[in-house]
Amino acid sequence: MAKITKEKLIELLNKDLGLEYTACVQYTQHQGVLNGAMYQSIQKELVIHAQEELAHATILASQIDYLGGVPTVKMPVPKISANNEEMLEQDLEGENDAINRYIARIKQAEELNLYHLAHQLRNILAVEQEHAMDLEQALGK
Ligand SMILES: [Fe+2]
Ligand SMILES: [Fe+2]
């Protein structure tokens, strides 16, 4: 595997940042659309998830600026559905993708001896794993 550079890491962190914006908007939309007594407790969780994704975006924007990059304002389009279960599946897919990306990103940050960044990414990763657990539980997985 090619050695990571600071420039490449900034580029990857900007992709992560865009996907945090997407997750925040997607959760905000999903919590509004999700309905039914069965989904009441996960609906409340989604409100919290939206706020936590925004907090992640804030951390990543600061870290990218610190590394000498320009934090992006671009984001991939969120996924929507009229079906409760499908919405939660879309959210879980996003979380699993985030988990894989942050596991890789922590290793890359450590490779560059950026331990403060690695520490911040570990905290974000732990929250994403919690998000995935909430969704798996709601989906009966
Ligand atoms: Fe996040
Ligand atoms: Fe998340």
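The largest pocket encloses about 310 Å³ of space. The structure is a predicted model, in which local features need pLDDT of at least 70 and side-chain atom pairs count only at pLDDT 80 or more, whereas totals for chains, interfaces and linings use all residues. Residues are numbered from 1 along each chain as its sequence is written, chains are lettered from A and ligands numbered from 1 in the order in which they are written, and side-chain values use heavy atoms, with hydrogens and water left out.

**The largest pocket**

A pocket is an open set of points, on a 1 Å grid over the protein atoms alone, where a 1.4 Å probe fits, with protein on both sides within 12 Å along at least five of seven lines; lining residues have an atom within 4 Å of a point. Its volume is the space filled by probe spheres set on the points, which are joined across faces, edges and corners. The lining of the largest pocket comprises 22 residues, and Leu-19, Thr-22, Ala-23, Gln-26 and Gly-94 lie nearest its centre. H1 and H3 are the elements that give two or more residues to this lining; helices are DSSP runs (H or I, at least four residues), numbered from the N terminus. The most comes from H3, with nine residues. By class, the lining has 10 charged, eight nonpolar and four polar residues. In this scheme Asp, Glu, Lys and Arg are charged; Ala, Val, Leu, Ile, Met, Phe, Trp, Tyr, Cys and Pro are nonpolar; the others, Gly among them, are polar.

**The two iron ions**

Donors are N, O and S atoms within 2.8 Å of the metal (3.2 Å for Na, K and Ca), and sites may look incomplete because water is not among the atoms.

| Metal | Donors | Distances | Spacing along the chain |
|---|---|---|---|
| Iron ion (ligand 1) | Glu-20 (OE), Glu-20 (OE), Glu-53 (OE), His-56 (ND1), Glu-128 (OE) | 2.0 to 2.5 Å | E-x32-E-x2-H-x71-E |
| Iron ion (ligand 2) | Glu-53 (OE), Glu-95 (OE), Glu-95 (OE), Glu-128 (OE), His-131 (ND1) | 2.0 to 2.3 Å | E-x41-E-x32-E-x2-H |

The iron ion (ligand 2) and the iron ion (ligand 1) are 3.9 Å apart, and Glu-53 coordinates both. Because Glu-95 lies in helix H3 and Glu-128 in helix H4, the pair ties together parts that are 33 residues apart in sequence. Both Glu-95 and Glu-128 are buried, where buried means under 20% relative accessible area, exposed over 50% and partly exposed in between (1.4 Å probe, protein chains only).

Glu-53 and His-56 are three residues apart in helix H2 (residues 40–66), so about one helical turn separates them. Glu-53 is buried, with a relative accessible area of 1%, and His-56 is buried at 4%.

**Helices H2 and H4**

The expected span of a helix is 1.5 Å times one less than its number of residues. For the 27 residues of H2 this gives 39 Å, which agrees with the 40 Å between its end C-alpha atoms. The buried residues of H2 include the metal donors Glu-53 and His-56, and among the others are Ile-42, Leu-46, His-49 and Leu-60. H1, H3 and H4 are among the elements covering the buried residues of H2. Just after H2, Gly-68 takes a positive phi of about 100°.

Helix H4 (residues 115–138) has 24 residues and reaches 35 Å from its first C-alpha to its last, close to the expected 34 Å. Among its buried residues are Leu-121, Ile-124, Glu-128, His-131 and Leu-135. The buried residues of H4 pack against helix H1 (6–33), H2 and helix H3 (84–111). Just after H4, Gly-140 has a positive phi of about 70°.

**The segment before H1 and the loop between H3 and H4**

Ile-4 is found in the segment before H1 and is buried, with a relative accessible area of 12%. Leu-112 lies in the loop between H3 and H4 and is partly exposed, at 27%. Although Ile-4 and Leu-112 are 108 residues apart in sequence, their C-alpha atoms are 7.5 Å apart in space. By contrast, the C-alpha atoms of Leu-112 and Glu-86, 26 residues apart along the chain, are separated by 39 Å.

Contact means heavy atoms within 4.5 Å. Not counting residues up to four places away in sequence, Ile-4 touches Leu-9, Leu-12, Gln-108, Glu-111 and Leu-112. With neighbours within four places likewise left aside, Leu-112 is in contact with Ile-4, Thr-5, Lys-6 and Leu-9.

Asn-113 is also found in the loop between H3 and H4. Asn-113 is exposed, with a relative accessible area of 52%, and has a positive phi of about 60° although it is not a glycine.
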